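Here is a set of exercises to work through with the structure open beside you. Each one gives a task and then a solution in steps.

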Amino acid sequence: MNKNLLSFAILALAVVILVVNIWKPGSTESEKNTTAPAGESVETTEDIPGAKLSSLREGAEAPDFELNTLDGKTIKLSDYRGKKVILNFWATWCPPCKAEMPHMQNFYEEYNDQDVEILAVNLTNMDKGADEVKKFVEEYGLTFTIPMDEEGYAGTTYQAFTIPTSYILDENGVITKKIVGPMDEKMMKELTGVK
């Protein structure tokens, strides 16, 4: 039991260090690329095991997945074609995720009638279990869809190594932006183009 607790604490500390070192409010992949010296490319074409980086570039079709939701339904990402999608990866123990959730709920309440959907994929394999996720969702009053990544497949596929990580998908399921770090309502509005 103590080894598990220590392992979890080390993992949580590593994630916090990653978030602190990588997180930049409002940063997107394209903004990060603008800091590279002129003439140098910062894009990586190497794949890491379980994550094909080339499939996650802006302009690429988002990899499909099928997950069960917190309320027991089975959804596929491709089921949301025809809508803009904010695809978010999060966990209950992540402070930036906690800060982002009220903004996501407010955005969802205001704009989900404009064919914008939020899929907030819980990294269940790295979280504290379904009961803790349910408690979190009730506490924050979240009404958007919460797919549960129990095997870690979707999180690995989408390189959600720092959370929250979000992808903005257009109506055709094409990635238009990747955002590492929390978003607020203004940023979500700008990235999805809702009015």
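**Exercise 1. Strand pairing around E3**

Task: work out in which sense E3 and E4 pair, and over how many bridges.

Solution. Please keep in mind that this is a predicted model. Step one: follow E3 and E4 side by side; they run parallel and are joined over seven bridges. Step two: pick out one rung of this ladder, where Lys84 has Val116 in E4 as its bridge partner. Step three: look at the surroundings of E3. Six of its seven residues are buried, so E3 is largely enclosed by the rest of the structure.

**Exercise 2. A salt bridge between distant parts of the chain**

Task: find the salt-bridge partner of Glu117 and say where each of the two residues lies.

Solution. Step one: a search of the whole structure gives four salt bridges. Step two: in one of them the side chain of Glu117 meets that of Lys83, at 3.3 Å from N to O. Step three: place the partners. Glu117 belongs to strand E4 (residues 116-122), while Lys83 sits in the loop between strand E2 (74-76) and strand E3 (84-90), and 34 residues separate the two, so the pair links distant parts of the chain. Step four: compare the accessibilities with the cut-offs. Glu117 has a relative accessible area of 8%, and because buried means under 20%, Glu117 counts as buried. Lys83, at 29%, counts as partly exposed.

**Exercise 3. Two salt bridges within helices**

Task: for the pairs Lys135 with Glu132 and Lys186 with Glu190, name the helix that holds each pair.

Solution. Step one: Lys135 and Glu132 form a salt bridge with an N to O distance of 3.7 Å. Both are in helix H4 (residues 130-140), three residues apart, which is about one turn of the helix. Step two: Lys186 and Glu190 form another salt bridge, at 3.6 Å from N to O. Their helix is H6 (residues 185-192), and here the spacing is four residues, again about one turn. Step three: turn to exposure. In H4, Lys135 is partly exposed at 48% relative accessibility, and Glu132 is partly exposed at 28%. In H6, Lys186 is exposed, with a relative accessible area of 60%, and so is Glu190, with 55%.

**Exercise 4. Aromatic pairs**

Task: decide whether the rings of Trp90 and Phe136 are stacked, tilted or edge-to-face.

Solution. Step one: a pair of aromatic rings is described by the distance of the centres and the angle of the planes. Step two: the count for this structure comes to seven aromatic pairs. Step three: for Trp90 and Phe136 the ring centres are 5.0 Å apart and the planes meet at 35°, so the pair is tilted. Step four: Trp90 lies in strand E3 and Phe136 in helix H4, 46 residues apart, and the pair links distant parts of the chain. Both Trp90 and Phe136 are buried. Step five: contrast this with Tyr158 and Tyr167, whose pair is edge-to-face, with 5.1 Å between the centres and 70° between the planes. Tyr158 is buried, with a relative accessible area of 0%, and Tyr167 is buried at 0% as well. Step six: widen the view, and ring pairs link Phe65, Phe89, Tyr158 and Tyr167 into a cluster.

**Exercise 5. A loop residue and a hairpin**

Task: is Gln159 buried or exposed, and which loop holds Gln159?

Solution. Step one: Gln159 is placed in the loop between helix H5 (153-157) and strand E6 (165-169). Step two: its relative accessible area is 14%, and Gln159 is buried. Step three: Gln159 and Phe89 are 70 residues apart along the chain, with 9.5 Å between their C-alpha atoms. Step four: move on to E6, which pairs with strand E7 (residues 175-180) in the antiparallel sense over five bridges. Ser166 has Ile179 in E7 as its bridge partner. Step five: the hairpin of E6 and E7 has five residues between the strands, and Gly173 there takes a positive phi near 80°.

**Exercise 6. The cavity**

Task: find how many cavities of 30 Å³ or more there are, and describe the lining of the largest cavity.

Solution. Step one: the count comes to one cavity of 30 Å³ or more. Step two: the volume of the largest cavity is about 60 Å³. Step three: its lining includes Lys83 and Gly173, among other residues. Step four: sort the lining by type, and it divides into five nonpolar, one polar and four charged residues.

Definitions and conventions
Residues numbered from 1 in each chain as written. Heavy atoms only, no water. Buried < 20%, exposed > 50% of the residue type's maximum accessible area, 1.4 Å probe, protein only. 1 Å grid on protein atoms, 1.4 Å probe; cavity = no way out; pocket = protein on both sides within 12 Å on 5 of 7 lines; lining within 4 Å. Points joined across faces, edges and corners; volume = space filled by probe spheres on them. Nonpolar A, V, L, I, M, F, W, Y, C, P; charged D, E, K, R; others polar. Phe/Tyr/Trp six-rings, centres within 6.5 Å; stacked < 30°, edge-to-face > 60°. Pairing = 2+ DSSP bridges.
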